[in-house]
Amino acid sequence: MLQLNDITLKLDENLILDRISLNIQPGSIWGIIGPPASGKSVLVKTICGFFKPQKGNILFNGTDICKIPETKLLEIRKQIGMLFQNNALFDFMNVWENVAFPLRRSNPDIDPELLREKAWKRLKKVGLAGSEDKLCSELSGGMQKRVGIARATINKAPLNIYDEPTAGLDPVTTSKIYDLLLEIKRQNSSTVLAISSDVEGLRNFVDNIIVLHEGKIRYSGPEKGLETSTDPVVHQFVRGEEEGPL
Amino acid sequence: MISSFFASIGEKFLVLSNILGGITYLFYQITVALIPPKFDLDEFWRNLYKMGVKSVPIIILTAFFTGGIMVIQASVFVKKFGATSLVGWGAGYSVFREVGPILLGLMFSGRVGSNNTAELATMVVTEQIDGLKALAIDPFRYLIVPRVLAMIIMLFLLTIIGTVVAIFGAALFGKFIAGVSYAGFWTSFSQNLHLADLIHGLIKAAIFGFIVSLNSCYFGISVKGGAVGVGKAVNNSVVASALGIVIFDYILTYNIT
């Protein structure tokens, strides 16, 4: 479904991604972990086409998204549901409008009643029924995250990317969010790519994991193999040890 | 010493070139988005209301007192020389051609342009623009083009309203301060002014609207940093719009006249 071949990205002369190669199969769940500023968010934004890598290519269902114009890229993005690190909710819209917006844009002729029903169902799914008319600024961090998830998944895109879906949330809400993401994934049969600083929580959620450090992949493979990695960076990061290269 | 002086000039020149290049490129992108005209109509109507209709009270207030101030300034000489027959013409001529478009343009830049820059800049730093792109929405067609069109149209219409109100204000103040009758004011106004005077001002208004819209959108979307960046962007936008209005006013006045 998604193949990254030798991706190298420099921003303002700083090397952010260094020869990243990945092959993500349809229906799989991948997690990306790594120390701060290791290039995790930039990597998923590059997959969405926000950054053009200087080297390498990204194949999304066979289309090289590094070589297509912005108009074609918009078509590719219709197949990606993205939750941003800080949610990126539209502050000029209320909760309902935020969630209904992607559906209304992708189906301009949609029956208003059907739109209302679908958006309401999605809000109910994330436990926000009754908050439709609130502005996003009136919601707590966890509720905003859930609005972001509802918006990212309402179009049932084949690829869902979640950038820090549980950042700043308490353990109970974190657990609920991961359950919700799994339920949505099963219902939509989608492929999932999730970034998180919560290593333990993410490991319970994903099948495969990538460890990034200074723009390089230090580990890529099954989640279970993480413990046996001999890379000192991976070893230290996963165990949270103070001594080591990090 | 000398080298640092030239380095400083060179740096400023590069910054200015970067801004002018960015604004020119934005203009190109807007033009491309308008051929054929494909932009978000809901957003266009929303901006017409927010930028135009909501500006009407402040524009009326500004224009009314602007008309009045002009008559107050002139009243000393009007009384001294008994030139009451020139009050209507003087007020109308300056309001139509200069004071109306310039003052309303600056007021529009302060109220609407700065707000537009702040909104767009905040959307950039909070990743809302990326959020739109991620939803397969072209931010230019969705956000920029409707705002640019709304600003040009609304400053044009607000200038018509403002001009009428300013003339009304001038007539009212003329009656009570300079002792010029309404009939005398109207006669002076209608006999000496032509449609060309009004058109002159309206051309300026449309161009000022374009300047404010381009500047406010450019500084909004090119913001860097967080809250400090947003503040700088708003500041730069207002300064650039004011400068643009004054410079283009000179160019237009010189050429159209």
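Visitor: Over how many bridges do strand E4 and E5 of chain A pair, and in which sense?

Guide: Strand E4 (residues 55-60) of chain A pairs with E5(A) in the antiparallel sense, over two bridges. Two strands pair here if DSSP finds at least two bridges between them. Helices (H or I, at least four residues) and strands (E, at least two) are DSSP runs, numbered from the N terminus. One bridge partner in E5(A) is A:Asp64, which goes with A:Leu59.

Visitor: Before we go on, what kind of model is this?

Guide: This is a predicted model, in which local features need pLDDT of at least 70 and side-chain atom pairs count only at pLDDT 80 or more, while totals for chains, interfaces and linings use all residues. Residues are numbered from 1 along each chain as its sequence is written, chains are lettered from A and ligands numbered from 1 in the order in which they are written, and side-chain values use heavy atoms, with hydrogens and water left out.

Visitor: Thanks! Back to the sheet with E4 and E5 of chain A: what's the strand order?

Guide: The order is E2-E1-E4-E5 (chain A), an open sheet of four strands with antiparallel pairing. At its edges are strand E2 (14-24) and strand E5 (63-64) of chain A, each pairing on one side only.

Visitor: And what joins E1(A) to E2(A)?

Guide: Seven bridges, with E1(A) and E2(A) running antiparallel. In E2(A), A:Ile20 is the bridge partner of A:Ile7. E1(A) and E2(A) form a hairpin with two residues between them, and A:Asp12 in the turn has a positive phi of about 50°.

Visitor: Which residue of strand E1 in chain A should I look at for its backbone?

Guide: Try A:Asp6, found in strand E1 (residues 2-11) of chain A. A:Asp6 has a positive phi of about 55° although it is not a glycine. As for the neighbour E4(A), five bridges join it to E1(A), again in antiparallel fashion, and A:Leu2 has A:Phe60 as its bridge partner there.

Visitor: Now the sheet of six strands in chain A. What's its order?

Guide: That open sheet runs E6-E7-E8-E3-E9-E10 (chain A), with mixed pairing. Strand E6 (80-83) and strand E10 (216-222) of chain A are the edge strands, each pairing on one side only. The twist averages 15° from one strand to the next; axes are lines fitted to C-alpha atoms, for helices over the stretch in contact, and angles run from 0 to 180 degrees between N-to-C directions.

Visitor: Which helix packs on that sheet?

Guide: Helix H5 (residues 141-153) of chain A does, touching E6 and E7 of chain A, and its direction makes about 170° with that of E6(A). Contact means heavy atoms within 4.5 Å. As for E7(A), five bridges join this strand (residues 159-163) to strand E8 (residues 191-195) of chain A, and the two run parallel. A:Tyr162 has its bridge partner in E8(A), namely A:Ala194.

Visitor: Switching chains: how many helices and strands has chain B?

Guide: Chain B has nine helices and zero strands. Its C-alpha trace spans about 65 × 55 × 30 Å along the principal axes.

Visitor: Where is the cis peptide bond in chain B?

Guide: Between B:Ile35 and B:Pro36, with omega about -10°. B:Pro36 is in the loop between helix H1 (2-34) and H2 of chain B.

Visitor: How many residues of chain B are in contact with chain A?

Guide: 19 residues of chain B are in contact with 22 residues of chain A. The area buried between the two chains is about 1,700 Å², with 61% of it from carbon and sulfur atoms. Buried area is the accessible area (1.4 Å probe) that two parts lose on being put together, summed over both. B:Glu127, B:Gln128 and B:Leu135 supply 30% of the area that chain B buries against chain A, more than any other three residues.

Visitor: And how many salt bridges are there between chain B and chain A?

Guide: Four, where a salt bridge is a side-chain nitrogen of Lys or Arg within 4 Å of a carboxyl oxygen of Asp or Glu. In one salt bridge A:Lys45 meets B:Glu127, with the closest N and O atoms 2.4 Å apart.

Visitor: Why does the pair of A:Lys45 and B:Glu127 join two chains?

Guide: A:Lys45 lies in helix H1 (residues 40-47) of chain A and B:Glu127 in the loop between H4 and H5 of chain B, so the pair joins two chains.
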